[in-house]
Amino acid sequence: MKLSLFSVGKAHEAYIKDGVEQFTKRIAHYYPIDWQLITPSKLTDPTLIKKAEAASILKALTPTDVLFLLDEKGKMLSSPGLAKLIQQKANQSAQRIVFLIGGAYGVDDEIKQRANFTWSISELVFPHMLVRLILAEQIYRACSILANEKYHHE
């Protein structure tokens, strides 16, 4: 199984880049992983922006991809809960799990309908760059839980 982390937005800022790279390398010990940055739309109308970004996201997905959408209205999970969800998909022979961080205006309904799971990392709102770091760390934490390693303390 492969993990892909999609984020609508610009390249990682320097203050985030090192942390994202560190956790991405750690995750690579468990699963092949990559990041795909999707260029935000230059349109001005939020509805049209979401539609344009949805087209780019859908183009990058395959029909067999399992899509985990990060959205503030999604279901909250504990770190062990995320680990369990990843393990379930691995047990179901998923070829690739895609974690998606949408754009500044969220995602179009077409993406919400395509998502296999919608996950909220917090009731707080974070800058997208920071969400990238949190996502990478939580995926690494989930991997360490599944490997029964000492990174996560309960």
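**Note on aromatic pairs, a buried aspartate, a pocket and two unusual backbone angles**

1. In this structure, which is a predicted model, Arg26 lies over the face of Tyr140, at 5.2 Å from the ring centre. Tyr140 also belongs to a cluster that ring pairs link together, and its other members are Phe23, Tyr30 and Tyr151.

2. The count of aromatic pairs in the model comes to six. One of the pairs joins Phe68 and Phe99, whose ring centres are 5.2 Å apart and whose planes meet at 85 degrees; since planes over 60 degrees apart count as edge-to-face, the pair of Phe68 and Phe99 is therefore classed as edge-to-face. This pair links distant parts of the chain, with Phe68 in strand S3 (residues 66-76) and Phe99 in strand S4 (residues 96-101), and the two residues are 31 residues apart. Both Phe68 and Phe99 are buried.

3. Phe68 also pairs with Phe117, and here the ring centres are 5.8 Å apart while the planes stand at 70 degrees, so this pair too is edge-to-face. Because Phe68 lies in strand S3 and Phe117 in strand S5 (residues 117-120), the pair ties together parts that are 49 residues apart in sequence. As for burial, the cut-off to keep in mind is a relative accessible area under 20%. Phe68 has a relative accessible area of 1%, so this residue is buried, and Phe117, at 17% relative accessibility, counts as buried as well.

4. Asp65 deserves a separate look, and a student may ask where this residue is found. Asp65 is in the loop between helix H2 (46-60) and S3, and with a relative accessible area of 5% this residue is buried. The side chain of Asp65 is joined to the side chain of Arg96 by a polar contact of 2.5 Å. When residues up to four places away in sequence are not counted, Asp65 touches Ala60, Arg96, Val98, Arg114 and Asn116.

5. The largest pocket holds about 460 Å³ of space. Of the 23 residues that line this pocket, the closest to its centre are Leu70, Asp71, Glu72, Gly103 and His128. Which elements give two or more residues to the lining of the largest pocket? They are S3, S5 and helix H5 (128-146), and the largest share of the lining, five residues, comes from S3. Strand S3 is also the strand in which Phe68 lies, which is a useful link back to the aromatic pairs when the structure is viewed.

6. The last point concerns the backbone angle phi. Most residues other than glycine have a negative phi. Against that background, Ser93 has a positive phi of about 60 degrees although it is not a glycine. The place of Ser93 is in the loop between helix H3 (79-91) and S4. Is Ser93 buried or exposed? Since a residue counts as exposed over 50%, Ser93, at 59% relative accessibility, counts as exposed.

7. Asn148 is another residue with a positive phi, and the value is near 60 degrees in a residue other than glycine. Asn148 is found in the segment after H5, and, at 73% relative accessibility, Asn148 counts as exposed.

Methods. Residues numbered from 1 in each chain as written. Predicted model: local features only at pLDDT ≥ 70, side-chain atom pairs only at ≥ 80, totals over all residues. Heavy atoms only, no water. Phe/Tyr/Trp six-rings, centres within 6.5 Å; stacked < 30°, edge-to-face > 60°. Helix = DSSP H or I, 4+ residues; strand = E, 2+ residues; numbered from the N terminus. Buried < 20%, exposed > 50% of the residue type's maximum accessible area, 1.4 Å probe, protein only. Lys NZ or Arg CZ within 6 Å of the ring centre and 35° of its normal. Polar contact = N/O pair within 3.5 Å; in protein donor to acceptor, adjacent residues only side chain to side chain. Contact = heavy atoms within 4.5 Å. 1 Å grid on protein atoms, 1.4 Å probe; cavity = no way out; pocket = protein on both sides within 12 Å on 5 of 7 lines; lining within 4 Å. Points joined across faces, edges and corners; volume = space filled by probe spheres on them.
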